[in-house]
Amino acid sequence: MSRYIPIIGLEVHAQLLTKTKIFCSCEVDFGGEQNTRCCPVCTGLPGTLPVLNKQVVKYGVKAALALNCGVGQYTKIDRKNYFYPDLPKAYQISQFDLPVVKSGKIKIETEDGEKYIRIHHAHIEEDAGKLIHDNIENTSLADYNRCGVPLLEIVSEPDMSSAEEARAYLEKIAGLLQYAGVSLCRMEEGSLRADVNVSIKRPDATKLGTKVEIKNLNSLKAIVRAIDYEIERQTKILDAGDVVIQETRKFNDNRGITQSMRSKENAHDYRYFKEPDVIPVIISDEDIAEIKQQCQY
Ligand SMILES: [Zn+2]
């Protein structure tokens, strides 16, 4: 029996199964020549305006029903500001406080029987591009084909306590989204990715431990290995009488370890504000009934 209890939460990014991007009519197919599936809107050129893809909202509602969550009937689009070379606009269009999917819970099977994992919310947002570091030495190239690909980010409560529970939760989410027909959930193609939050605490502690976020895990195997490694790393730190630093880490698949990327941002660092170019969406009871009719669950 371990001296500590692991506390694990997941942020799952699932690509929604639309033909075109979330705010323009560029195609979203996997692969293809770099920078051939982008336009002035998804590369954020001055003077362009985003137009919300209605199908993304419909898939959001479908996902809410499949995931046993509430539907946010007044849902708002926001700007999340940060600078990174794979994000040419220097902000991501996302949702902050009024997401399309409200809270709920799903059941997973564990070695000790059934367990419920609560979902805090899920929101729609655009994906960023991709940086390619290994084609030319000492040079990074940007491929913007993925900019504006529609994602659903599903944020769980920290209700899991082992890597195996995290795996069961992710498999359940993927199965429900596939069944609902809203995402292919193919990890090898990047249509399902997860960020994992891990902290540990002593059984008698009343407060949660400091959490560490591990970004962009793209296989079940990597998720399990990263969580197990992180629990062990934090255990060693606490056993030595040191403190865990709140930070974002990445998983090095070859070495099987997590490595520090940067100190963790808080929500206020992103200076969220209402996206002025996209009006809020109102989803009526009739809209939900109509979408429900198209579902077999
Ligand atoms: Zn475009």
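## A tour from hairpin to zinc

Start with residues 101-110 and 113-126, which are strand 6 and strand 7: a hairpin joins strand 6 to strand 7 through two residues. Keep in mind while you click around that this is a predicted model. The two strands pair in the antiparallel sense over eight bridges. To see the register, show side chains for a couple of pairs. Lys-105 stands opposite Arg-118 in strand 7, and the bridge partner of Ile-106 in strand 7 is Ile-117.

Next, add residues 54-66. That's helix 1, and it packs on the sheet, touching strand 2, strand 6, strand 7 and strand 10 (150-156). If you draw axes, the helix direction makes about 145° with that of strand 2.

Now cross to the other partner of strand 7. Select strand 10 along with it: seven bridges join strand 7 to strand 10, and the two run antiparallel. For one facing pair, pick Glu-126, which stands opposite Pro-150 in strand 10.

Time to zoom out and colour by strand. You should find an open sheet of nine strands in the order 2-6-7-10-1-11-12-13-14, with mixed pairing. Its edges are strand 2 (69-71) and strand 14 (257-263), each pairing on one side only. Neighbouring strands here are turned by 25° against each other on average, direction ignored.

Go on to Asn-145, in the loop between strand 9 (141-143) and strand 10. Is Asn-145 buried or exposed? With a relative accessible area of 7%, Asn-145 counts as buried, because the cut-off for that is under 20%. Show the polar contacts of its side chain: Asn-145 reaches the backbone oxygen of Glu-33 at 2.9 Å, and a polar atom of the Asn-145 side chain lies 3.0 Å from the backbone nitrogen of Thr-36. Leaving aside neighbours within four places in sequence, the residues in contact with Asn-145 include Lys-21, Gly-31, Gly-32, Gln-34, Arg-37 and Cys-38.

Last stop: the zinc ion. Which residues coordinate the zinc ion? Select Cys-24, Cys-26, Cys-39 and Cys-42; each gives its SG, at 2.3 to 2.4 Å. In sequence these donors are spaced C-x1-C-x12-C-x2-C. Try the angle tool too: the angles among the four donor atoms are 101 to 112°, and the site is tetrahedral. For reference, the ideal angle for four tetrahedral donors is 109.5 degrees. Finish on Cys-42, which counts as buried because its relative accessibility is 4%.

Key. Residues numbered from 1 in each chain as written. Predicted model: local features only at pLDDT ≥ 70, side-chain atom pairs only at ≥ 80, totals over all residues. Heavy atoms only, no water. Donors = N, O, S within 2.8 Å, 3.2 Å for Na, K, Ca; no water. Tetrahedral: all angles 85-135°; square planar, octahedral: opposite > 155°, others 65-115°. Buried < 20%, exposed > 50% of the residue type's maximum accessible area, 1.4 Å probe, protein only. Pairing = 2+ DSSP bridges. Helix = DSSP H or I, 4+ residues; strand = E, 2+ residues; numbered from the N terminus. Axes fitted to C-alpha atoms, helices over the stretch in contact; angles between N-to-C directions. Contact = heavy atoms within 4.5 Å. Polar contact = N/O pair within 3.5 Å; in protein donor to acceptor, adjacent residues only side chain to side chain.
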